[in-house]
Structure formats: C-alpha cells, structure tokens
Amino acid sequence: MARLGFDAAVTALRAAAEPTRLRLIALLSASELNVKDLTHVLGQSQPRISRHLKLLAEAGLVERYREGSWVYLRLTEAGHAGALAKLLVGLIDPADPVQKRDRDRAEALRAERAAAAQAYFARHAAEWDSIRKRHVDEAIVEVSIRAALGGDDASLGTLVDLGTGTGRVLELLADQCERGIGIDVNPTMLANARTRLEALGLSHIQLRHGDIYNLGLADRVASTVVMHQVLHFLTAPGEAVREAGRILAPNGRLLIVDFASHGEEELREVFQHQRLGFTTEQLEHWLADAGLTLESEAALAPGQRVEGRGLTVRIWLSRRIASDARHPPMPVATRATAEIETGKLLTLR
C-alpha cells in the first residue's frame, strides 16, 4: 500500500474526520457529482458544502474540475491520498442508515434527470437526426466514424451501439459487422429505429430495450462498441464507459463520439444535456478505470457556426487491454488529431 508522510496523513485524516465530509467522501466514491447535486443530497447550503469540499481538495482526497459554470468532483484515485480515500470508504458500513439515505437520494436525483431526458427523447424521436445537425455536419461525422474504425474494409465483428436512438449508427456500419445490437432505454426511440432498420432489410441487426449502466449482456461479447452523442446526456458517464468496457472482448474497441468541452450553458435546459462536453483528460480517466487505453482522437470543428453554434465534435478510439497470450496487445497507434473545417478533412498529424 502507498505510504503517506506523517504531516500529510494528519492533514488528510483531519479533513475526513467530520460527519459531512465523510458523507461527501462516501458519495464521491460511487460517482462524480457536482456541487448542486451534493447540496441537494445532503440538504445543506452551497457555501457550507463548498467549504467542506475545499478542505477535502486541499487534503488531496477529492479532485475538482470545472465544466461551464458547474464544478464536478470525484474521489482521488491516484497516489497516497487516493489510497487513503479508498481505505476510508472501505471502513464505512454500507448498511449505515445515513449512508443508505444519501445513496438513495443521489439515485433518486439521477432517476429524475434521466426521466426528464427520456421525455425529451420521446417528444423529439421522429426528428432526432435533424436535431443532431445543429452542430457539425453529420455526414462529416459519419465519414470520420468509419475512418476511425479502419475504413470501409474493416471488419467490426459483433457491434454494440449504446444509446442507439434512431439506429443510424447501426445502419451506417451494418455492412461491416457480422452482428449488430442496438440498445436504448427509450421505447419511442426503439420503435423509430425498428421501423427504419426493418425497411432496410438488415436481418443481422437486433434492437433491445436496456439500461446503459446495466446492459444485460455477458462479459467480453463485443468486438466493437460505439457511443455516439450519448455521454453528454448521462449523469454518470464514467459508469457507462465502465459498463461498455465490461462487454468488450480483449483487443475490442470502444469508439466514443461526443462534444469537446464547451460553455453553452443553455444546452442543459433546452436539450437536456447533463454535461457540457468532455476533455480528453476526463475520457482517459474513465477509460483507464474500464481497462481501456486511448489509441487515437480526432477533432471535428465546423467551418462556420450552425444556427448560432459552433461546437466541436471529438472522436476517441480506445481498445481493451489484452489480458492473455491468446489475445496479444496490438501496437498503440500514435495519437492523431484531425481538424475538420468547412467540410474538408485535413491530414492527420
């Protein structure tokens, strides 16, 4: 176990030795939360919660990062302080009434936000593909998805599309997969996708109702997993990435397409976005937690602002680390950044 110096250990233990701060540590061990979430769950004022979080951050027990006007927090995982944080969490009885109440309130908050997002999807299912066109031209995104996965001749094996929506990704990649499975929690979206895919005669494609945090698929069944414009709708994107990693076979690949970090606050209210895009650092943290390694990334920037917006879309390709001699690890590609402007794909560099 990692060792702490005496002074650092005293500072960390003092920071944790207070009821509210210990509750915060327990909550953040389960998932990332923002300050607003924590004030709701603990029933305390924002200034009070912020003071407690400041002490925990100064002691190295939690990490903070800003996303627009919100600040998200997570339990420190690396280094000596991370080891101590995990030890403290392990000492807390999960059946303790206070801990159980906090977990229940956090889960209720997540369920409430998920319900609001699903209601939005249901209202707009029929025009969902047109809504996506408000940002980078989707045709450019689709070309880039196929390129990231190896081009038109690449074999994708068993493909799982998480948050499949209208089924467009399955349609796009149907000619490259032996079997395709689309999973979505919204029945209205699935009904639209089923109508669309049946009309195309794609008999090797299946659609399933399912929870992105608990997929109902066995471990290591997928050769390729795609999450296209899904993570920013989730309250716990890291948990969804972990679940995607669970179903990947050794050397299987996860392709994530989503917005780069931005500050368009109105997207939270108007389009039910839970997160304002992501940084590569955030993705690498979640991928490592899922046993995946980032191989390449690309940035797709619109050449002109579309309907007043100019959000950059990023594509992250990762691979499950091979775990035995039967599946030797493939060479890690040199990370590439592609910039797309005015509809032209520039050379990777």
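The chain exposes about 16,100 Å² of surface, and carbon and sulfur atoms supply 53% of that. Keep in mind as you look around that this is a predicted model. Of the 349 residues in the chain, 53% are buried. The secondary structure comes to 13 helices and 12 strands. If you take the contacts with a sequence separation of 6 or more, 69% of them join residues 24 or more positions apart.

Let's start with a helix that is easy to read. Helix α4 runs over residues 46-58, and at 1.5 Å a residue its 13 residues should span 18 Å; the end C-alpha atoms are indeed 18 Å apart, so the expectation and the model agree. Now look at which way its side chains point. Ile 49, His 52, Leu 53 and Leu 56 are buried in α4. They cover an arc of only 100 degrees around the axis, which means that they sit on the same side of α4. Turn to the other side of α4 and you find Arg 51 and Glu 58, which are exposed. Just after α4 comes Gly 60, with a positive phi of about 80 degrees.

Helix α11 (237-247) makes a good next stop. Here 9 of the 11 residues are buried, so α11 is largely enclosed by the rest of the structure. The buried set takes in Pro 237, Gly 238, Glu 239, Ala 240, Val 241, Glu 243, Ala 244, Gly 245 and Ile 247. Zoom in on Gly 245, which belongs to this helix. Gly 245 has 0% relative accessibility, and anything under 20% is called buried, so Gly 245 counts as buried. What does Gly 245 touch, not counting residues up to four places away in sequence? Its partners are Ala 290, Leu 292 and Arg 320. You can also check its position against Ala 222: these two are 23 residues apart along the chain, and their C-alpha atoms are separated by 9.4 Å.

Step back along the chain into the loop between β7 (222-228) and α11, and you meet Gln 229. Gln 229 is not a glycine, yet it has a positive phi of about 55 degrees. This loop residue counts as buried, at 10% relative accessibility.

Another non-glycine with a positive phi is Asn 251, at about 70 degrees. Asn 251, though, is placed in strand β8. Its relative accessible area is 16%, so Asn 251 is buried. Which backbone atom of Asn 251 does the side chain of Arg 319 reach? It is the backbone oxygen, at 2.8 Å. Arg 319 itself is in strand β10, residues 313-320. Although an arginine, Arg 319 is buried, with a relative accessible area of 9%.

Follow β8 (248-259) onward and you come to the loop that leads to α12 (266-270), which is where Glu 265 is found. Is Glu 265 buried or partly exposed? With a relative accessible area of 25%, Glu 265 is partly exposed. Its side chain makes a polar contact with the side chain of Arg 268, at 3.0 Å. Arg 275 is another arginine to find from here: Glu 265 and Arg 275 are 10 residues apart in sequence and 9.4 Å apart in space, C-alpha to C-alpha.

For another arginine with acidic partners, go to Arg 168 in helix α9, residues 168-173. The side chain of Arg 168 makes a polar contact with the side chain of Glu 142, at 2.7 Å. The side chain of Glu 171 is a partner too, with a polar contact to the side chain of Arg 168 at 3.0 Å.

Last, the aromatics. How many aromatic pairs does the structure hold? There is 1. The rings of Phe 278 and Trp 286 have their centres 5.6 Å apart, with their planes at 75 degrees; planes over 60 degrees apart count as edge-to-face, so that is what this pair is. Both partners, Phe 278 and Trp 286, are buried.

Methods: Residues numbered from 1 in each chain as written. Heavy atoms only, no water. Helix = DSSP H or I, 4+ residues; strand = E, 2+ residues; numbered from the N terminus. Buried < 20%, exposed > 50% of the residue type's maximum accessible area, 1.4 Å probe, protein only. Polar contact = N/O pair within 3.5 Å; in protein donor to acceptor, adjacent residues only side chain to side chain. Phe/Tyr/Trp six-rings, centres within 6.5 Å; stacked < 30°, edge-to-face > 60°. Contact = heavy atoms within 4.5 Å. Areas by Shrake-Rupley, 256 points an atom, 1.4 Å probe, with all protein chains shown as cover. Expected span 1.5 Å × (residues − 1). Arc of directions from axis to C-beta.
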